[in-house]
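Trainee: Could we go through some charged pairs together, and could you show me how each label is earned?
Mentor: Sure, let's look.
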Amino acid sequence: MDNKEIARVLWETADLMEIAGEDSFRIRSYRNGATTLEGYPERVIDIQRDPNRKITEIPGIGKGLAAVLQEIVERGSCERRDLLLTKFPPAALEFLKIQGLGPKGIALIFEHYRITTMDELEQLCKEEKLRVLPRMGAKLEEKVLRSIAQYRLRTGRFLLSFAHDAAEELKQYLGELDGIENITAAGSLRRGKETVGDLDLLVTGPNATAALERFVAYPRVHEVLSRGANKASAKIGREGLQVDVRALPRESYGAAMQYFTGSKEHNVAVRTRAVKMGFKLSEYGLFRAEDESRVAGGTEEEVYKALGLEWIPPELRENCGEVEAAEEGRVPRLVELKDIRGDIHMHTTETDGRASLEEMAEAAKKMGYEYVAITDHSKAIAMANGLDEKRAVAFARRVRELSQDGLGIRVFSGLECDIMKDGTLDLASDALAELDVVIGSVHSHMNLEAAEMTDRLLRALECPQLKVLGHPTGRLLMQREPFAFDFERIVDEAVKRGVRFEINASPERLDLNGSLARTAKSRGAKFTISTDAHHPKHLHNMGYGVLTARRGWLGPDDILNTLPAEKFHAAIRKH
Ligand code: DGT
Ligand code: CA
Ligand code: CA
Ligand code: ZN
């Protein structure tokens, strides 16, 4: 458990204490402790492990709180929190995540109504029963309803990047054991789905079952859900990501990978096919129905092959035509990370990026790219110190100079230009014409009626300098739904005008998503995949964009930034 996780338990406990109306002095000491830990350079567990040191040496942590920290480190909770949780319904912790309520509001609600679930809280708001309580009103009911809707979007799922990092850490940890051959993530993570419900790890090797033992002893495990001979499930981290680890014999590895990669719908289709062919398919292998003799199972390829199918990339396994394609030998060559030759959406300290132009270019070079485009914000985003015409043109000149400095990477000038409410672009055409890559993005007024939003985007597409539509639906995963517009109409118009659709690789966006990208491709659209990096480390998100493009059945030829620099430049400059 790191300090942040401990601090979160403290915050939570303090909130529960406040709901219970406990002594404000004590509540404050918990909150002060949490603040201290969040900023403390050393980990509490490291201090605790050192026999010569005491937690009380952290300024502001007294004896009482030190004992609490000790408990939290050991078991993820403390006595006071446990006690409070028996007083209130478990949903109390969830209610705290609803904006506008806070501990005082929740205390008031508990005082007046016997509610125990989020659904009941929602019902209270709908029946206008919050507004009769002191200091609450109709506005608050609306706010709570909106926040509940958002909460539901978030709940129970995790960003692909979060799940990926957790899986990598676990693979590393389990891999330290001797006698392990393979540790692979299956499930939605392997399919590259934008959010992941739980992690499914498959382990093979002579010592595979020992990996289960090691897994339940993983320091970040805080609740073991089940532990069998071949499978263990546990929740890890404060976020409570569930992980299922399965130990498998080598001869079943392919069949298990196939089975646990899913999706369920894909598996149903494949299994039905197997039955029709006189086979039985399970996570243990492919068997002949009549005598149960093994036909395949060691590798996925051999399982698919025995079923008369080409191997199907995991990203396509959603039962959306991939089985038919595999049967007819027309599974497309999908774009791969190595096909990407440049990242063409990123920000620098000129606006709201965290690194300079030079640092971003240098970092991109280290990624092995041939080129990048620097696309800072336009002036509509005042908070980001967005560029006006003069600054945009002057900055473009600096970018060109840098590119000629023999940096070893081509740097194109560009801009992420805001699409205003009326569909005009934020900067004048003659300034935009000086730039290589103009991305048009919607960052404001996202709740327009669909018809108005469609008109707005149509108008933006009329601008001849516009080359790419940035994060085209504006969604933020688990936070904000895509805005409403006539997608197909916009695709058709963009195709006519040669404007590409961005697949924004930022893990909270992944916008366009796979299925929209596929629809757009079917109507002739072209794409870019870019990270929208605001820091050099974000450049590494490209892989998530590629996964998303693959889920949209896109190949390298569909993606503009797979072109070599010269061809890319010619294509982007052409009207
Ligand atoms: P998730 O975890 O909600 O993001 O989605 P998945 O696809 O990882 O689903 P999960 O973890 O429930 O199951 C992993 C795979 O196991 C799933 O994609 C397909 C396979 N599977 C096949 N049949 C079944 C079944 O009856 N139950 C479950 N739970 N999984 C099944
Ligand atoms: Ca899963
Ligand atoms: Ca699972
Ligand atoms: Zn943007």
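Trainee: Why is R227 called partly exposed?
Mentor: Buried means under 20% relative accessible area, exposed means over 50%, and partly exposed is in between (1.4 Å probe, protein chains only). R227 has 39% relative accessibility, so it counts as partly exposed. E213, at 48%, also counts as partly exposed. By the way, this is a predicted model, where local features need pLDDT of at least 70, side-chain atom pairs count only at pLDDT 80 or more, and totals for chains, interfaces and linings use all residues. Residues are numbered from 1 along each chain as its sequence is written, and side-chain values use heavy atoms, leaving out hydrogens and water.

Trainee: What makes R227 and E213 a salt bridge?
Mentor: The term needs a side-chain nitrogen of Lys or Arg within 4 Å of a carboxyl oxygen of Asp or Glu. Here the closest N and O atoms are 2.5 Å apart, so the pair fits the definition.

Trainee: How do you know that R317 is buried?
Mentor: R317 has 0% relative accessibility, so it counts as buried. Its salt-bridge partner is E300, with the closest N and O atoms 2.9 Å apart. E300 is buried too, at 5%.

Trainee: And E318 with R551, what makes that a salt bridge?
Mentor: Their closest N and O atoms are 3.1 Å apart, so the cut-off is met. E318 is partly exposed at 22%, whereas R551, at 18%, counts as buried.

Trainee: How many salt bridges are found in the whole structure?
Mentor: The search finds 49.

Methods: Chains lettered and ligands numbered in written order.
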